Amino acid sequence: MNTTRSPSAETPYRVIGEAGQASVEPSDLGLKDEDLRELLRLMIVTRRADLECTALQRQGELAVYPPLMGQEAAQIGSAFALQREDYIFPSYRELGAAVVRGVDLVQYLHFYRATWHGGTYDPNELRFGMVSVPVGSQALHAVGYAMGVRMDGKPECALVYFGDGATSEGDVHEAFNFAAVFRAPVVFFCQNNQWAISVPLSRQTVAPIFRKADAYGFPGVQVDGNDVLAVYQVTKEAAERARGDGRPTLIEAVTYRLGPHSTADDAGRYQPPEEVDRWKALDPIERFGRFLEARGLADQAFVGECHDQAKRDMAALRQGVIGSEPRPVEELFQWVFQGELPAHLERQRREALGGPGGDHG
């Protein structure tokens with residue numbers, strides 16, 4: 001089923017209705033019963049990891065952390081739809097996508113512990129890029145990678161995550177244009193969580209975000225970001241288009257950030273309480289859980305097992321983060337120059353490592 005929509009579409013594309021009915025059978029999307037249970041498990045793990053990371057920051061073990069509560073379906077559904085060789089370019093809030101990719105979260109959290117830029121995992125092995133904080137910059141990285149993949153003739157695509165605030169950045173629009181002109185196999189995935197720190201969507205854009213794709217000549221689709229099956233479907237279709245003929249797609253996943261922008265933010269100063277309550281009632285995990293329970297695929301025992309395992313995983317995560325030591329100082333001087341360091345950097349390296357430094361002038 002093709003979910004690209006005309007600009008006149010008013011409501012986000014949805015698979016799971018409010019009454020729990022499905023407009024598309026999961027089997028028609030290529031999802032087996034065990035896949036559906038795995039989607040729920042991944043969302044539960046992500047929610048527990050998100051809460052644990054927030055607690056770790058409050059206790060001084062992380063320097064900062066950007067919560068994603070409420071956005072689990074958007075991240076899990078999209079990352080789950082990709083093939084293993086496809087490359088994900090995250091921003092700074094994609095813990096859920098990292099969970100899907102099997103990233104070691106202790107290594108991932110080195111960035112938020114301020115002991116490493118981007119994490120200590122191998123991005124090429126896991127096909128999951130380093131954390132990117134400069135807003136929108138990762139869109140250019142994704143397009144550049146996708147252009148290279150196309151030149152190499154590889155059947156791969158790139159998917160890049162960004163928020164609604166990033167659509168006001170020039171980098172994102174440059175990425176859109178380059179991708180369209182050079183037919184880069186890339187999926188632009190915007191998690192429209194309604195707030196760019198304290199700036200509401202109404203102050204960010206007039207037209208719906210997905211319609212911006214029209215100006216660049218490639219498909220755009222707006223999807224219910226709290227419907228994990230809908231997100232999975234539109235992402236799978238977009239990735240297939242990208243791999244097939246190099247057509248980019250802009251996906252706008254309409255969701256909501258139930259927590260603060262980061263642990264340095266007080267969302268209670270600008271998010272209306274009634275708005276938060278309305279979105280809490282649309283919790284993506286509870287919604288999908290009810291859907292699976294109605295189909296006899298996930299009873300309370302299964303959900304309890306998921307929570308129990310997540311609790312054990314988070315205990316290991318906490319132990320790993322607290323036990324993390326600062327990275328070796330010599331890493332500051334690695335991975336930039338292929339051969340020998342320039343003399344001034346070699347001198348600084350010796351000084352940093354406690355050796356003779358020579359002239360300090």
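**Exercise 1. Confidence**

What is the mean pLDDT of the chain, and what percentage of its residues reach 70 or more?

Solution. This is a predicted model, in which local features need pLDDT of at least 70 and side-chain atom pairs count only at pLDDT 80 or more, while totals for chains, interfaces and linings use all residues. Residues are numbered from 1 along each chain as its sequence is written, and side-chain values use heavy atoms, with hydrogens and water left out. The mean pLDDT (the predictor's confidence in each residue, from 0 to 100) is 93, and 95% of the residues reach 70 or more. Next, residues 5-9 stay under 50, and the model gives them 14 contacts beyond four places in sequence, a contact being heavy atoms within 4.5 Å. Residues 357-361 are likewise below 50, with 7 contacts beyond near neighbours in sequence. Where pLDDT is low, the predicted coordinates should not be read in detail.

**Exercise 2. The sheet**

Determine the strand order of the open sheet, and then place the helices that pack on it.

Solution. Begin with the order, which is E1-E2-E3-E7-E6 for the 5 strands, with parallel pairing; strands (E, at least two residues) and helices (H or I, at least four) are DSSP runs numbered from the N terminus, and two strands pair if DSSP finds at least two bridges between them. Strand E1 (87-89) and strand E6 (220-224) each have a single partner strand, so one side of each lacks a neighbour in the sheet. From one strand to the next, the twist averages 20 degrees. Then take one pair: E3 (residues 186-192) and E7 (residues 249-254) run parallel and are joined by 6 bridges, with Ala253 in E7 as the bridge partner of Gln191. Finally, helix H2 (residues 72-80) touches E1, E2, E3 and E7, its direction making about 165 degrees with that of E3, where angles run from 0 to 180 degrees between N-to-C directions and axes are lines fitted to C-alpha atoms, for helices over the stretch in contact. Helix H6 (residues 137-152) lies across E1, E2 and E3, at about 170 degrees to E2.

**Exercise 3. Glu156**

Is Glu156 buried or exposed, and which side chain makes a polar contact of 3.2 Å with that of Glu156?

Solution. First locate Glu156, which lies in the loop between H6 and E2. Its relative accessible area is 10%, so Glu156 is buried (under 20%; exposed is over 50%, partly exposed in between, with a 1.4 Å probe and protein chains only). The 3.2 Å polar contact is with the side chain of Tyr145, and the Glu156 side chain also makes one of 2.9 Å with that of Arg127; such a contact is a pair of N or O atoms within 3.5 Å, and within protein one must be able to donate a hydrogen and the other to accept it, while residues adjacent in sequence count only if both atoms are side-chain atoms.
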